[in-house]
Amino acid sequence: MSTHSGAEIESRGGVEVTKDRNGIDQVVLRNQRGASARISLHGGQVLSWKTERGEELLFTSSKAIFTPPKALRGGIPICFPQFGNRGSLEQHGFARNKMWVIEDNPPSLPNFDSNGKSYVDLLLKPSEEDLKLWPHSFEFRLRVSLAADGYLTMISRIRNVNSKPFSFSFAYHTYFSISDISEVRVEGVETLDYLDNLCHKERFTEQGDALTFESEVDRVYLDSSDVVAVLDHERKRTFMIRKEGLPDVEIWFDIVVWNPWEKKSKTMSDLGDEEYKQMLCVDGAAVEKPITLKPGEEWTGRLDLSLVPST
Ligand code: TA6
């Protein structure tokens, strides 16, 4: 893995490479006010996103398994080349279980303003083993950045290098840390159709004003607006989730909402029995309409997460 020189790290403001308990590289981004984000090269997974007061905004299970190749339960696992369970690939694809590298001299991204942002560019390419599983030559560049105001941005650029056309589904599988599932509601999915994973992906239309939680929820909301809010009444704060997709904006529009609730939590060895109360997954995703890339084509999926005070 290539790393940046100390001077270059300093010049980019607040990017540091450390190691976790297994000796796997992690990148810590800091902004000038003390907010931070921590990304593991295992899976390109954001493990932590903290406010300038050091508050952790992402959920990590107390029973998380920190040994590869299993993805750690929490943070923001990258689900690619599939979200869900289909064919020979493991659930949610292999990208979150692979080692990524830090990319040197990244090609400049369009409209990327680095004022006050610290960032890292990670790269995943298929190994020979991966190509046996999924015979498509791709390059997946992930830029994670932390802005001066604490916004966390993830930009995924997936290119079909020279393979025949391929299709993929995708998700930023985001585990938000919440006070209690009974105190939370999701706004921005009202009146949308959704596929209910608890009813064999049957299609329903959401009624009512905001989504609240009284039991297990596992839904893919379709063609969502590009802003969704997760309001935590107890903590008087709201997570804002903004998505943008290029070139075909309408593809990058699904929102996955998942809480396993009590019964399913008890079946999950890497989640505490009661921890479903402190987590909620609200994922920017492209699930219903997989993305197809011809040779040389590239798809960009951007996600901006921010935290705003709310009553
Ligand atoms: O819809 C979200 C979901 O597919 C749920 O069905 C549940 O399986 C969750 O993802 C977690 O999946 P994972 O493979 O991370 O345990």
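How many helices and strands are there in the protein chain?

**Figure 1. Overview of the predicted model.** The protein chain contains three helices and 20 strands. Of its 311 residues, 56% count as buried. Among contacts between residues at least 6 apart in sequence, 65% join residues at least 24 apart. The chain exposes about 13400 Å², and carbon and sulfur atoms supply 49% of that area.

**Figure 2. Lysine 98 and its salt bridge with glutamate 129.** In this pair the closest N and O atoms are 3.6 Å apart. Glutamate 129 belongs to helix α2 (residues 128-133), while lysine 98 sits in the loop between β5 (78-79) and β6 (101-102), so the salt bridge ties together parts that are 31 residues apart in sequence. Lysine 98 has a relative accessibility of 18%. Buried means under 20% relative accessible area, so lysine 98 counts as buried. The model has 23 salt bridges in total.

**Figure 3. Lysine 98 and its salt bridge with aspartate 130.** Here the closest N and O atoms are 2.9 Å apart. Aspartate 130 lies in helix α2 and lysine 98 in the loop between β5 and β6, so this pair ties together parts that are 32 residues apart in sequence. Both aspartate 130 and lysine 98 are buried.

**Figure 4. Salt bridge between glutamate 216 and lysine 264.** The closest N and O atoms of the two side chains are 3.1 Å apart. The pair links distant parts of the chain, 48 residues apart: glutamate 216 is in the loop between β14 (202-205) and β15 (217-221), and lysine 264 is in helix α3 (residues 261-265). Glutamate 216 is partly exposed, with a relative accessible area of 22%. Lysine 264, at 32% relative accessibility, also counts as partly exposed. Elsewhere, Glu103, Lys125, Glu139 and Arg141 are joined into one network by salt bridges that share partners.

**Figure 5. Surroundings of tryptophan 100, in the loop between β5 and β6.** Is tryptophan 100 buried or exposed? Its relative accessible area is 1%, so tryptophan 100 is buried. Leaving aside neighbours within four places in sequence, tryptophan 100 is in contact with Leu41, Gly43, Gly44, Ala95, Leu122, Leu123, Leu124, Phe140 and Leu142. Two backbone oxygens lie by a polar atom of the tryptophan 100 side chain: that of glycine 43 at 3.4 Å and that of alanine 95 at 3.1 Å. Serine 40 is 60 residues from tryptophan 100 in sequence, and their C-alpha atoms are 8.6 Å apart.

**Figure 6. Phenylalanine 140 in the largest nonpolar core.** Which residues touch the most other members of this core? Of its 63 residues, they are Phe140, Phe168, Phe213 and Leu280. Leaving aside neighbours within four places in sequence, phenylalanine 140 is in contact with Ile78, Phe80, Trp100, Leu122, Leu123, Leu124, Ser156, Arg157, Ile158 and Phe170. A second, separate core has nine residues, including Phe83, Val220, Val256 and Val287. In soluble globular proteins, nonpolar side chains tend to be buried together.

Definitions and conventions:
Residues numbered from 1 in each chain as written. Predicted model: local features only at pLDDT ≥ 70, side-chain atom pairs only at ≥ 80, totals over all residues. Heavy atoms only, no water. Salt bridge = Lys/Arg side-chain N within 4 Å of Asp/Glu carboxyl O. Helix = DSSP H or I, 4+ residues; strand = E, 2+ residues; numbered from the N terminus. Buried < 20%, exposed > 50% of the residue type's maximum accessible area, 1.4 Å probe, protein only. Contact = heavy atoms within 4.5 Å. Polar contact = N/O pair within 3.5 Å; in protein donor to acceptor, adjacent residues only side chain to side chain. Core = buried A, V, L, I, M, F, W, Y, C linked by side-chain atoms within 4.5 Å. Areas by Shrake-Rupley, 256 points an atom, 1.4 Å probe, with all protein chains shown as cover.
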